[in-house]
Every structure is written in structure tokens, then in C-alpha cells.
Amino acid sequence: MSLSPSGPLTDAFGPNATMELVHPAAPGPMPWWRSAVVYEIYPRSFADADGDGVGDLTGVRAHLDHLAHLGVDAIWLNPFYVSGWVDGGFDVIDHRAVDPRLGTIADFDAVIYKAHDVGLKVIIDLVPNHTSDRHPWFQAAIAAGPDSPQAGLYVVRPGRGAHGELPPNQWKSKFGGSAWTRFPGNATDPVHWYLHLFDVHQPDLNWQNPLVRAEYISIMRFWLERGVDGFRVDNAHALIKADGLPNEAPDWVSPVGNPAAAEAAEHAMRRGERDAPLSAPRRDVGPQWDQELVHEVYREWRTVIEEYPGERILVGEAWVSPPERLARYVRSDEMNQAFNFEFLAAGWNAPDLRTAIAGTVEALDAVDAPATWVLSNHDVIRHLTRLSLPPDQAWAGGLDPNQRMPEPAAALRRARAATLLMLALPGAAYVYQGEELGLPEDASLPENALEDPTWRRSGFTVRGRDGARVPLPWVADAPNFGFSTARVPWLPLPPGWRDLAADRQRSVPGSTYETYRAALWLRRRLELGTGSLARLHGLSGLPSESVLAFVNRTTLVVANLGTDPLRLPSGLMVLHASSDLPLADDDAVLVPPDTTVWIDLA
Ligand code: NOJ
């Protein structure tokens with residue numbers, strides 16, 4: 001649909017300026033999650049209340065006021081369950097108990113209570129694809145042997161070769177190496193193997209087994225009854241594997257967590273320019289991912305969460321592509337939201353971002369699901385650093401200390417511009433802890449501090465994701481910048497983070513924290529989360545290769561991704577800008593490179 005806008009847009013940009021509405025604003029009030037800004041907390045690195053060097057739930061509770069003041073709507077807590085801590089808590093031993101290093105169930109209840117009291121919803125991680133190898137189920141399977149019903153809870157198969165000495169197929173672990181390990185216990189003939197799409201300590205569950213399904217529904221009920229507002233479903237696209245576990249297509253290697261493949265894929269995409277589908281190298285494809293039957297699981301889960309009062313939600317983590325595949329996870333009887341990694345992976349490039357935004361909105365509108373937008377999380381290089389790396393550099397797998405890091409002020413400027421762009425889009429948005437402080441990726445961690453399983457499984461060549469998981473600086477003049485009173489926290493904070501500490505930024509105009517806060521406040525006030533998306537045509541002076549512009553309700557959003565300042569016509573009223581705007585000689589708006597502005601068209 002095309003319409004010619006009247007008023008400020010045509011006044012400013014000439015009579016040829018038209019808007020094309022690609023997504024209408026919500027007609028009235030909507031459930032909270034359709035427009036929420038959710039703040040991801042990686043509990044080990046958020047705040048340490050008991051001084052053992054590791055963040056904990058009491059630390060989370062102590063800083064909920066910070067988050068309410070920042071203006072987010074919800075928190076998403078990464079796993080805090082009893083865990084082997086091989087994969088940062090995503091190797092769960094007991095799904096119904098808090099890891100003692102992070103606190104107690106009473107501490108969890110206190111987090112929920114306080115969060116709700118200050119108006120924040122609470123989403124928690126649910127890890128259904130695998131358990132820890134120390135989970136009682138896997139231990140029982142080992143004791144009972146590979147042909148036992150207990151082993152039938154996992155994906156256990158005889159190997160190939162005369163005595164099963166070869167793994168059942170060629171699937172690879174996301175963290176490097178084979179996805180199969182010999183089933184422990186007494187020797188059998190043939191040898192049996194268990195599947196682990198991730199670390200060797202994370203055996204995959206068998207989702208064809210009704211006991212597995214029943215157990216997870218029971219786990220969900222346990223937390224729903226404690227008051228959680230939803231679940232972020234880890235590896236939502238992985239639960240069901242293709243019948244017969246066939247080998248994957250030989251030319252495919254998943255790029256996620258596999259930097260060599262990611263790099264090759266990125267190069268290929270750049271070489272192919274825009275003709276190559278943006279999404280091609282960035283998805284998990286193959287017989288172990290995105291199988292049709294997985295949707296049955298989420299249909300059942302949706303009925304479970306809807307039994308509970310309030311608007312509880314399921315958020316899927318599914319590295320699938322194109323957006324039409326993602327949309328299948330958020331059909332009206334499945335999950336409520338799914339992370340949109342196309343946007344995250346698009347980089348700082350106007351055509352790619354435009355494609356990612358339009359593709360996402362179109363695919364999700366078709367199933368009446370809200371888009372989600374995210375730039376950073378605990379698995380990828382923080383966007384402050386990532387968006388300023390050379391364009392052909394892989395973005396997964398962490399950074400090497402020898403890596404030339406982007407110039408800090410320029411990188412921060414670009415990151416803030418990306419954030420303001422994201423927060424102006426209709427739908428839900430996810431903010432990762434510390435981005436509101438302008439934290440970069442830390443590439444300087446000593447090797448002996450690295451804990452990501454990628455480091456070990458890559459033969460100590462790929463550092464992994466710890467650089468995005470460094471603890472937060474709260475107080476500039478306190479030990480470990482207020483994260484912990486321990487002598488040495490689990491990961492050290494870089495000395496250069498003193499000026500990024502929260503107490504140095506609160507109430508400081510122009511600080512990253514205050515820029516986020518103002519954006520969140522305005523986003524709510526302007527109802528951008530439930531707003532519209534209109535493409536613009538015929539605007540003179542906005543080169544589409546380097547400028548991204550759209551209108552949400554009555555807010556014009558202009559991001560300058562080019563290298564030259566952009567001169568917008570005079571008379572426009574700027575509501576917010578990601579960085580200071582220089583004064584023009586007349587009352588024109590000058591948008592410097594790597595800057596996003598929100599302009600009032602009302
Ligand atoms: C996705 C999580 O975000 C990541 O941190 C984890 O390593 C894998 N799933 C395996 O659980």
C-alpha cells in the first residue's frame with residue numbers, strides 16, 4: 001500500500017516523498033510481550049552479592065532498581081540451575097533447583113517478588129535439547145547400559161564398522177569435533193555412542209520419548225507456579241532429529257560457534273554481494289535441525305502456559321533462516337516470539353539491514369507474531385565491537401588478543417546508532433547486560449581464564465564467547481568496579497572499564513546509559529513497540545546505500561551508516577539522537593556518520 005504523507009515529511013523532503021506502509025500499528029492495547037524490551041542477564045557476570053567472585057541471584061535482586069530505572073519491561077535470566085558449568089549453566093543437572101554458587105530457591109523467589117514489585121516481568125531459560133552428563137537420568141542410563149529404557153531418554157546408537165568403532169554418522173558438535181562420544185560404562189559389542197550437538201558433557205535428549213516430553217512439562221509447571229512470566233527456549237530448533245539420523249549435506253558446515261566456517265561463509269557472502277541470500281550462511285540446516293515434528297512440542301507447551309493466569313510466554317532461540325522458517329515457530333498456537341538473528345547478523349550495512357528488517361516483518365506479519373530485534377547476547381561478540389570489525393571478519397567464536405580492536409569512541413558511536421535504530425523498530429527488543437554501559441568485547445582475557453567449551457574443543461585455537469561475558473562494572477572506585485569483593489572474580493574486569501561503570505554514567509547527560517534510558521522512555525511514550533513500519537520513497541538527499549530511514553507511527557528514523565555527514569532539511573524536530581548533533585549554520589539537522597536520529601513528524 002502506498003500513500004502520500006502530508007505535513008512535515010513532504011514539507012521537508014519535497015512533494016515526491018511518499019510512504020509505503022509495510023506493517024500497520026496495533027489498533028489498540030496489546031499483550032505486554034508484543035512490544036517489550038527484555039534485558040538479558042547472564043547471572044554469573046551480573047553482580048556478586050556474596051563475594052565469591054561469581055555473580056548470583058541476590059546480586060540480580062540488588063540491581064533490579066537499576067533496570068527499572070533504565071526502563072526495560074522484563075528480564076531474561078540465563079540458566080541458574082544446578083549445573084556442571086561446562087557450558088556456562090547450559091548443562092543442567094537439576095532443572096528444579098538453583099545452583100548453590102548462585103543462591104537458593106528462596107533467593108530466586110525473592111528475585112521474582114522484587115522484579116514484579118518494580119514492574120519487571122521475568123523470563124527464564126529452559127534448556128530442553130540436552131542435559132548435563134551428570135544429570136541423574138544420564139547417570140542412570142550409564143548404570144543400566146546402552147540398550148536400557150534409561151538410555152532411551154537420550155540419543156544413543158550403535159556405531160558403524162564391524163564392532164561399532166566408528167561414530168553413527170558424521171555430525172559435528174557446534175563446539176568443534178564430532179557430535180558423538182562413546183557411551184560410557186561397560187564395553188559392548190557393538191560399541192554404542194551418544195549424541196551431543198554441543199559439548200561432550202551435554203548429551204542430547206531423545207524427544208521422541210514421551211517421558212522426556214512429560215518431564216519438561218513438569219519442569220515448566222514447577223517454574224510457572226513460582227511466578228515466572230515465560231521461558232526462553234534454548235536451541236528450540238534442535239530437539240527433533242531426522243529419522244534415521246542421516247548424514248548432513250557434505251558441503252554444509254554450521255557457522256555458528258564454528259569460526260572457520262563462519263569466516264568462509266562471510267567471505268562467500270561478501271564476494272557474492274547482495275545476490276547471495278543474506279541468510280544463507282547463518283542458519284543451522286541439516287537433519288539435526290528444524291525438523292517438522294518439533295512444532296508438535298511447542299503446540300503442546302503453548303497449551304500448558306495458557307493454563308496459567310497472566311500472559312506467560314515462550315521465546316524460541318532458533319538459528320533458522322530465512323525468516324519464513326522462523327515464522328513457523330511463532331504461529332498462533334506455538335511460541336509467542338523467536339529471536340531474529342538475521343538482524344543481528346546483518347552488520348552495519350544499510351542494504352543488508354533493510355533486507356533483514358523487511359524480510360522479518362513480512363514473514364512474522366504473515367503469522368501475526370511480533371518481530372524481535374537483538375544486537376548482542378552472551379553468544380556473540382558484543383555489538384559495540386562487532387559492528388566495527390572489518391566486514392569480512394567472522395563474528396562468531398570470539399576475538400584473538402592480537403586482533404586490532406576498533407577505535408573505542410568510534411565503535412561506541414556506531415553501536416549507539418545501531419541501538420537507536422533497533423529500539424525504533426516495531427516489535428520486541430532484547431538488550432544484553434552491559435550494552436547500556438557501552439561495554440566492548442574483551443579480547444584481552446588471559447588464556448587460563450577462558451571457560452567456553454569452544455576453547456578446549458577447538459584444541460585451544462578458538463577462544464569462544466567469554467569476551468562477551470566479562471562481569472559488569474557498577475562502581476568506578478570499588479574493587480572489581482563493584483562487581484564483587486572477591487580478590488579475583490571468575491573473569492577479570494579490564495582496568496579500562498573504570499569510566500564505563502554504571503555510577504559514572506547515571507545522570508550524566510549524553511552517557512551511553514542515559515542515551516539508552518531516554519530511548520526506552522521515548523519508545524514507550526511514542527508507542528514504537530506496537531507501532532508501524534513505513535518505507536520511504538522519493539526523499540531527496542538520502543542515499544539508500546548508506547542511509548536507512550523509515551517511519552514508525554509519527555516518528556521518522558534516520559540512520560546514517562555512511563562516511564559523510566547527512567544534511568536533513570531545516571524545520572525538523574529531533575526527539576533523540578544516538579550522539580551529539582553538530583550545529584548547522586541554519587536550522588538544518590546535520591546527522592554525522594554513524595548516528596541515528598528520531599524526528600517528530602506529528
Ligand atoms: C544456546 C545458548 O545460548 C548457548 O550459550 C549454549 O552454549 C547453547 N545453546 C547450548 O546449550
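**The ligand site and a domain interface**

Q: How many nonpolar, polar and charged residues are in the shell around the ligand?
A: This is a predicted model, where local features need pLDDT of at least 70 and side-chain atom pairs count only at pLDDT 80 or more, while totals for chains, interfaces and linings use all residues. Residues are numbered from 1 along each chain as its sequence is written, and side-chain values use heavy atoms, with hydrogens and water left out. Ala, Val, Leu, Ile, Met, Phe, Trp, Tyr, Cys and Pro count as nonpolar, Asp, Glu, Lys and Arg as charged, and the others, Gly among them, as polar. By that scheme, the shell has three nonpolar, four polar and seven charged residues.

Q: Which residues are closest to the ligand?
A: A residue is near the ligand if one of its heavy atoms lies within 4 Å of it. Of the 14 residues that surround the ligand, the closest are Asp87, Asp234, Asn235, His378 and Asp379.

Q: How much of the ligand's exposed area does the protein bury?
A: Let's start with a nitrogen atom of the ligand, which lies 2.8 Å from a polar side-chain atom of aspartate 234. For asparagine 235, a side-chain N or O atom is 2.9 Å from a ligand nitrogen. Taken alone, the ligand exposes 290 Å² (accessible area, Shrake-Rupley method, 1.4 Å probe). The protein buries 98% of that.

Q: What area is buried between domain 2 and domain 3?
A: Domain bounds come from an automatic or database assignment, giving domain 2 as 32-132 + 208-516 and domain 3 as 136-195. Here, 26 residues of domain 2 are in contact with 20 of domain 3 (heavy atoms within 4.5 Å). Buried area is the accessible area (1.4 Å probe) lost on putting two parts together, summed over both. For this pair, it is about 1700 Å².

Q: Which lysine forms a salt bridge with aspartate 284?
A: A salt bridge needs a side-chain nitrogen of Lys or Arg within 4 Å of a carboxyl oxygen of Asp or Glu. The closest N and O atoms are 3.0 Å apart, and the partner is lysine 174.

Note on methods. Polar contact = N/O pair within 3.5 Å; in protein donor to acceptor, adjacent residues only side chain to side chain.
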